[in-house]
Amino acid sequence: MSKTTITIKPNNHRIHPCPTDRKLALITEIVSRNTTTKIVVVSSDSNDMLKENISYDNVTILSDKELITNKELTFEYLISYDLP
C-alpha cells in the first residue's frame, strides 16, 4: 500500500445533515454515545473551537493536513466537520 493512501472501510458511512450552528452539538452527542470508541474529528483548518469544546480522551481532532501526514493513526470513527 502506498504511503499516501488512507484506508477507509467501504459501506460503513453515515451522513448526518446538520445546520452549521448545530454541528458542534451533533458531534458532541455522537462522541458522548461512543466514549469507548477511538474517534478522529477532521476539519479543513486546525479548529481551536473544536479542541476547546470536545474534551473526551477517546477523541483526536486534526486538520486535513495533519490527518494526511499521520499515517500510523488508527480510528474506528472518522467525523468530517466540514463535509460539504
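1. Helices and strands here are DSSP runs, helices having at least four residues and strands at least two, and they are numbered from the N terminus. With that in hand, you can place Thr 74 in this predicted model: it sits in the loop that links helix H3 (64–69) to S3.

2. Is Thr 74 buried or exposed? Its relative accessibility is 56%, and exposed means over 50%, so Thr 74 counts as exposed. Have a look at Ile 39 too: the two residues are 35 apart in sequence, yet their C-alpha atoms are 8.9 Å apart in space.

3. Now find the sheet. It is open and made of three strands, in the order S2-S1-S3, with parallel pairing. S2 and S3 are the edge strands, since each pairs on one side only. From one strand to the next, the twist averages 20°.

4. Next, zoom in on S1 and S2, which pair in the parallel sense over five bridges. Val 42 has Leu 62 in S2 as its bridge partner.

5. Helix H1 (residues 23–32) has Lys 23, Ile 27 and Val 31 buried. These residues lie on the same side of H1 because they cover an arc of only 65° around the axis. What do the buried residues of H1 pack against? They pack against strands S1 (39–43), S2 (59–63) and S3 (77–80).

6. Finally, the largest nonpolar core has 10 residues, among them Ile 27, Val 31, Val 41 and Tyr 81. H1, S1 and S2 are the elements that give two or more residues to this core. Val 41 makes a nice place to start exploring: setting aside residues up to four places away in sequence, its contacts include Ile 27, Leu 50, Ile 79 and Tyr 81.

Technical notes:
Residues numbered from 1 in each chain as written. Predicted model: local features only at pLDDT ≥ 70, side-chain atom pairs only at ≥ 80, totals over all residues. Heavy atoms only, no water. Buried < 20%, exposed > 50% of the residue type's maximum accessible area, 1.4 Å probe, protein only. Arc of directions from axis to C-beta. Contact = heavy atoms within 4.5 Å. Core = buried A, V, L, I, M, F, W, Y, C linked by side-chain atoms within 4.5 Å. Pairing = 2+ DSSP bridges. Axes fitted to C-alpha atoms, helices over the stretch in contact; angles between N-to-C directions.
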